[in-house]
Amino acid sequence: MSLFKARDWWSTILGEKEEFDQGCLCVADVDNSGSGQDKIIVGSYMGYLRIFNPHPVKPGDGVQPEDLLLEVQLREPILQVEVGKFVSGTEGLHLAVLHCRKLCVYAVSGTLGNVEHGNQYQLKLMYEHNLQRTACNMTYGPFGGVKGRDLICIQSMDGMLMLFEQESYAFGRFLPGFLLPGPLTYSSRTDSFITVSSCRQVESYKYQVLAFATDADERQETEQQKLSSGKRLAVDWVLNIGEQALDICVVSFNQAVSSVFVLGERNFFCLKDNGQIRFMKKLDYSPSCFIPYCSVKEGTINTLVGNHSKMLNVYQDVTLKWATQLPHIPVSVKVANLQDLKGVIVTLSDNGHLQCSYLGTDPSLFQAPRVDSREINYEEFDAEMKELQKIIKEATKPEDILPKSEKHRDLIVTAEVSPDLDAESQAIDSEVKAEAVPSVTVKITIHSRVTAQKPNLTVCVQAPLAVTCDQFVFDDLEPDSSETVVLSAFLKGNCSPSELEGNCVVSYSTPTELNPEGILKVAQCNFRLPLRLICFPAQPSKAANHKLTIDTNKPPISFLTIFPDFVDPSEDDQANVLGFQFLTGSKTTLLASKTSQRYRIQSDQLEDLWLITKELMLRLEEHFKKQNCKDFACTFSGSIPLQEYFELIDRHFELRLNAEKFQELLSERAVQFRAIERRLLTRFKDKTPAPLQHLDTLLEGTFREVIALADAAEENQANMFQAFTKLKSATHLVIMLISLWQKLSTDQVAILEATFLPLAEDTQELGWEETVDAAISYLLRTCLSKSSKEQALTLSSQLCMPKDTSRLKKNITLFCDRLAKGGRLSLSTDSATQQTAVMPGGCTTIPESDLEERTVIPGSAATFPNHGQIAKQKSKPGLSTRICRVEAYQTHASNYSKCV
């Protein structure tokens, strides 16, 4: 037995699933037996009132039936119990029980028993007060210096002190500046009430000041304790302790010395009667309760402080004298005299563990056994060591950390997209203004090879696409079991998406021997939605504002072969030309040359070229892959449409500026609206009516302005989302054209995507323009720099919204120019690595029709040489590419944006 454990003298567990708090414990001779022995009174939030008189045969015994004197169940929760002289005409002790809306005073009496069952105790109600306000806590004492009786003061939750002169209600006063109730006590030496306010100040109020102030219910004398406004009280003294108080107690063992003890969250204070600090003690733990008691040393006071580490510390002033371990966290502690044993420590936990303990040193009866001497068997030790090392090696295998192949995964998720559109569209709440919005069925199957707990499926598609249901929760999956869900995808927003890819993510946990709750794991898969979901066949258009020409190294393939879902086999004219009509209204035309190896895509909107161009390249690659053709390649020799791309950037940035302006205007109008409200409220509360001076008209006008600005801001937000979607589509197109033009590798394309598409979602705090500008500036300073002077430049570490887009457009143009002059993107850190400059190549024009002329974008910010010009040029011997290091998080952000 440890020396520093509290010695259990008597203990018991009160009820089942009952809750207790600070005011639920009291010790006193409540039955007026005159023996000087205290009884333990305990009340619970469940309404049970119990009175104990412990009589253990030997220390550590449990509760005996005769130890429980009384147990009754009251109808309401018990907030606090106190014992005092609460009944007029007698100086006997009575029990006061505080409920939420009631104060009851009882008399506890015992009757001598003539049989072995012992004495019988009864609880008799003397009087009660129904409270009009919800009570928080109470205190008692001889208020005003009365002799032979105690008065009661109750603090309500809204800051009213209600004083009762035993059977009658005296008066009520409101505390000034009240917000939340704090601990309350009474000092008989100064005849004042002391509390701790929500301002973290100890405040003292004289009883005489309370008594002579304006009555809180003066205007409604017939109904006591009704809501009304009282006179602000004058505080006697104030002390700022800087923390919230848990409890407060007044100690007056000697009339010459009186102290106020305050237990804070990190300190406990000892104050004089006038509020001056006598001493304070900083605690290195979180306290839960305390109780000061008389010390054997003159001029000092002992204090018991319980904490949340199940410890009970004994202090003499500020000196720690003893520390003892408790079996529970105490919420209330008292010192009592029980069965001729003085100074018994009574503690109560929040779940009803009531214990009476004492501090002492019982002798330990444990003796260490003798160690038998024996010879060491090294062979057994070696065998045991090998076995333990084998277990450790098996437990630390990295198999669960590294990604497994698909056939070895615990759970596999697959998504199957239906080749045909739904016969009956499942689109709901679509904003598209087309006659019919199609939908396609996606079938997702989850197959588990092990026990999967709490599987949760999330389906993500990129807005403005949507699904009928994106969250699925399943029951636990048994080994070799499957779950299948079916949902539909459709176009919800009134703009074309920038991606048709979707993602399925399944989170689950697999239990192990060491972790029965399971280890969290994730499985995912991607799927691609069909192009027919957002567009349908239409008549080709000859005139278009934007044209792109893609060169290949293979003869052109008939559209009847690669676009069977968009052409009619009976119409031969669709073999080389095909029209696509988007659900949002725009049209795109696709042409295949009859004599050369080229395809042309043209449309009135630059962003509409992206999805058709990507679909064309994917279907061409799939077609030649089926024919086992491995050398198929696409190139681009035209001009990068930077000028049209910059117009989309300017449009998006303009909407961001408008959003800022709307936010500022809304803030101004909201301030104006609140100011008018305050003035109107002041006029209405004034006792002497005054003219409104058109404040109501001004309030109504300001309200309409706020609503109009909110509507405009909401509309601008929707337009900004559409502009960002178009910008992402155009950015994908520019990235693809640059990669085809410069024949970039997969790693270089990943760097390009991380540079131009770093964000999955555009916000006012972090926008696309400043993020891309910082990424391009980094590349220009590192791998695309011309000299060491550029590499020495430092970039700003803080991203903020720029004033305009001139710097961004200049950097994009410079970026393309550096690539055209032989610059290369690389993740290699070897500065000696050099790559041969690959200059763009071109092809001759297609002389078939006006639709197939060479694409030249007038006003383009970057024009690049054609094949004939490059053939005449000689490569410079000093031309080399520079090495750049792009932060790994950019590639990660790109992958994340694709998933989302």
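In this predicted model, strand β13, spanning residues 168-174, has five of its seven residues buried, so the rest of the structure largely encloses it. Its partner is strand β12 (residues 160-165), which runs antiparallel to β13 and is joined to it by six bridges. Within this pairing, Met-162 stands opposite Gly-172 of β13. The two strands form a hairpin with two residues between them, and there Gln-166 takes a positive phi near 60°.

Strand β1 (residues 7-13) can be described in similar terms: five of its seven residues are buried, so β1 is largely enclosed by the rest of the structure. Its pairing is with strand β28 (residues 353-358), in the antiparallel sense and over six bridges. Asp-8 is found opposite Ser-357 of β28.

The loop that leads from β27 (341-349) to β28 contains Asp-350. With a relative accessibility of 45%, Asp-350 counts as partly exposed. The C-alpha atom of Asp-350 is 5.5 Å from that of Glu-19, although their positions lie 331 residues apart along the chain. When neighbours within four places in sequence are left aside, the contacts of Asp-350 are Glu-18, Glu-19, Phe-20, Ile-329 and Val-331.

Some of the strands are arranged in open sheets. One such sheet has four strands in the order β6-β7-β8-β9, paired antiparallel. At its edges stand β6 (80-84) and β9 (120-130); each has a single partner strand, so one side of each is left without a neighbour in the sheet. From one strand to the next the twist averages 25°. Inside the sheet, strand β7 (residues 94-98) pairs with strand β8 (residues 102-111) over four bridges in the antiparallel sense. Here Leu-98 faces Leu-103 of β8 as its opposite residue.

A salt bridge also involves this sheet: Glu-128 pairs with Lys-102, and their closest N and O atoms are 3.9 Å apart. Glu-128 belongs to strand β9 and Lys-102 to strand β8, so the pair ties together parts 26 residues apart in sequence. At 37% relative accessibility, Glu-128 is classed as partly exposed.

Another open sheet of four strands follows the order β29-β30-β34-β32, again with antiparallel pairing. Its edge strands are β29 (411-421) and β32 (465-467), each of which pairs on one side only. The twist from one strand to the next averages 25°. Three bridges connect β32 with strand β34 (residues 481-491) in the antiparallel sense. Leu-465 has Leu-491 as its bridge partner in β34.

Charged side chains come next. Side chains of opposite charge can pair when their charged atoms come close. The structure holds 25 salt bridges. One of them joins Arg-528 and Glu-615, with an N to O distance of 2.7 Å. This pair links distant parts of the chain, since Arg-528 is in strand β36 (residues 519-528) and Glu-615 is in helix α4 (residues 608-626), 87 residues apart. Arg-528 counts as partly exposed at 26% relative accessibility, while Glu-615 is buried, its relative accessible area being 7%.

Glu-615 has a further salt bridge, to Arg-619, where the closest N and O atoms are 2.9 Å apart. Both residues lie in helix α4, four residues apart, and are therefore separated by about one helical turn. Arg-619 is buried, as is Glu-615. These residues belong to a network of salt bridges that links Glu-499, Glu-501, Arg-528, Asp-565, Lys-614, Glu-615 and Arg-619.

Lys-728, in helix α6 (residues 695-742), presents another case. Lys-728 is buried yet has no salt bridge, and the nearest side chain of opposite charge, that of Glu-499, is 8.3 Å away. Not counting residues up to four places away in sequence, Lys-728 touches Gln-462, Ser-498, Leu-757 and Ala-760.

For the protein as a whole, there are 12 helices and 42 strands. Of its 900 residues, 45% are buried. Among contacts with a separation of 6 or more, 62% are between residues 24 or more positions apart. The protein exposes about 48100 Å², of which carbon and sulfur atoms supply 51%.

Definitions and conventions
Residues are numbered from 1 along each chain as its sequence is written. This is a predicted model: local features need pLDDT of at least 70, side-chain atom pairs count only at pLDDT 80 or more; totals for chains, interfaces and linings use all residues. Side-chain values use heavy atoms; hydrogens and water are left out. Buried means under 20% relative accessible area, exposed over 50%, partly exposed in between (1.4 Å probe, protein chains only). Two strands pair if DSSP finds at least two bridges between them. Axes are lines fitted to C-alpha atoms, for helices over the stretch in contact, and angles run from 0 to 180 degrees between N-to-C directions. Lys and Arg count as positive and Asp and Glu as negative; His and the chain ends are not counted. A salt bridge is a side-chain nitrogen of Lys or Arg within 4 Å of a carboxyl oxygen of Asp or Glu. Contact means heavy atoms within 4.5 Å. Accessible areas come from the Shrake-Rupley method with a 1.4 Å probe; for residues, only the protein chains shown count as cover.
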